[in-house]
Amino acid sequence: MVKSDQFSITPIVASSSLRTLAYEALKAAITKMDIYGRPDEVRLDERKLSQDLGVSRTPVREALTVLEQEGFVRSEARRGVFVIKKTKKEIVGMIHAWAALESMAARLACERATDAQLKSLREIFPEFYEGRPSEHIDEYSDANIRFHQTIISLGQCEVIQDLSSNLLMHVRGIRNTALRQGERAEKSIKEHVQIIKALEARKGELAEGLVREHGLGLAAHVHQYGDYLV
């Protein structure tokens, strides 16, 4: 999955509710951003958004209201709408929540995923077996996010998928940043390999524990290195 510090949005084609379509397009664009990889705030221009989407400003305004209620953006009088960045304390809490969800998904994956799905993990993520991650950090960073999304998906639990989707924007950005700090990338890649082994062997309790400890390790890393967060 391509990450970016730029806001890139895909035009929509009207079919049912323009507000719903605008909401989905805006949320997708926000989620794909690496908001913690840039120091400045991301301001969303309502007029430009309506032009980019090819709709009037009304459904865009309504979509932004929903996104504000969900905690993705905030509206400031006479300043505009901004994508929300979480505080250090909030980020650590979100990582804890993600770790809980993903670890259960890993346990469920050992019960529900097919043999082919589990055996394909090594092929899908060759970045985990190709030298030091620092030698190809961008590729590894993308693979890192896809790996955690794949575990969520393999768990085949819609509730876990829905709950984790609203955490993804912040967890993705923090993971991308963390991989470039200290020895996090080297530690992360070793843990990924162990997680894959546990999933392949369908050792649900072990996979659950490894994924949970991996997430808690990220939370500890952010606590140590996250002074750049507000």
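**Exercise 1. Place leucine 18 in the fold and decide how accessible leucine 18 is.**

*Solution.* Start with accessibility: leucine 18 has a relative accessibility of 31%, so it counts as partly exposed. The class follows because partly exposed covers the range between under 20% and over 50%. Keep in mind that you are working with a predicted model. Next, find the element: leucine 18 sits in helix α1. Finally, take a distance across the model: from the C-alpha of leucine 18 to that of histidine 192 is 41 Å, with their positions 174 residues apart in sequence.

**Exercise 2. Describe how domain 1 and domain 2 meet.**

*Solution.* Step one is to set the bounds: domain 1 runs over 18-83 and domain 2 over 88-225. Their centres, taken over C-alpha atoms, are 28 Å apart.

Step two is to look at the contact itself. Eleven residues of domain 1 are in contact with ten residues of domain 2. The size of an interface is often given as the accessible area lost when the parts come together. Here the two domains bury about 860 Å² between them, and 59% of it is on carbon and sulfur atoms. Thr31, Tyr36 and Phe72 supply 59% of the area that domain 1 buries against domain 2, more than any other three residues.

Step three is to count the polar links. Between domain 1 and domain 2 there are zero salt bridges, but three residue pairs are in polar contact. On the domain 1 side, helix α1 (residues 18-32) gives the largest share of the touching residues, four of them. Sorted by class, that side of domain 1 has six nonpolar, two polar and three charged residues.

**Exercise 3. Compare the surroundings of two salt bridges that link distant parts of the chain: aspartate 227 with lysine 88, and arginine 175 with glutamate 102.**

*Solution.* Begin with aspartate 227 and lysine 88, whose side chains meet at 3.3 Å, N to O. Aspartate 227 lies in the segment after α10 (204-225) and lysine 88 in helix α4 (residues 88-112), 139 residues apart. Now check each partner. Aspartate 227 is exposed, because its relative accessibility is 63%. Lysine 88 is buried, because its relative accessible area is 18%.

Move on to arginine 175 and glutamate 102, which form a salt bridge at 4.0 Å, N to O. This pair joins helix α8 to helix α4, with 73 residues separating the partners along the chain. Arginine 175 has 4% relative accessibility and therefore counts as buried. Glutamate 102, at 1%, counts as buried too.

**Exercise 4. How many salt bridges does the structure hold, and which residues are linked in a network?**

*Solution.* The total for the structure is 16 salt bridges. The network links Glu41, Arg74, Glu76 and Arg79. For another salt bridge to inspect, turn to arginine 43 and aspartate 45, with their closest N and O atoms 3.7 Å apart. Arginine 43 is partly exposed at 47%, and aspartate 45 is partly exposed at 33%.

**Exercise 5. Examine the backbone at arginine 78 and glutamine 156.**

*Solution.* First, a reminder: most residues other than glycine have a negative phi. Arginine 78 has a positive phi, near 65°. Arginine 78 is in the loop between β2 (73-76) and β3 (80-83), and at 85% relative accessibility it is exposed. Glutamine 156, also not a glycine, has a positive phi of about 55°. Glutamine 156 belongs to the loop between α7 and α8 (158-178), and its relative accessible area of 42% makes it partly exposed.

**Exercise 6. Is proline 133 buried or exposed, and which residues does proline 133 touch?**

*Solution.* Locate proline 133 in the loop between α6 (121-124) and α7 (137-154). Its relative accessibility is 2%, so proline 133 is buried. Leaving aside residues up to four places away in sequence, proline 133 touches Tyr140, Ala185, Glu186 and Ile189. To finish, look toward alanine 29: the C-alpha atoms of proline 133 and alanine 29 are separated by 27 Å, and the two residues are 104 residues apart along the chain.

Note on methods:
Residues are numbered from 1 along each chain as its sequence is written. This is a predicted model: local features need pLDDT of at least 70, side-chain atom pairs count only at pLDDT 80 or more; totals for chains, interfaces and linings use all residues. Side-chain values use heavy atoms; hydrogens and water are left out. Helices (H or I, at least four residues) and strands (E, at least two) are DSSP runs, numbered from the N terminus. Buried means under 20% relative accessible area, exposed over 50%, partly exposed in between (1.4 Å probe, protein chains only). Contact means heavy atoms within 4.5 Å. Domain bounds come from an automatic or database domain assignment. Buried area is the accessible area (1.4 Å probe) that two parts lose on being put together, summed over both. A polar contact is a pair of N or O atoms within 3.5 Å; within protein, one must be able to donate a hydrogen and the other to accept it, and residues adjacent in sequence count only if both atoms are side-chain atoms. Ala, Val, Leu, Ile, Met, Phe, Trp, Tyr, Cys and Pro count as nonpolar, Asp, Glu, Lys and Arg as charged, and the others, Gly among them, as polar.
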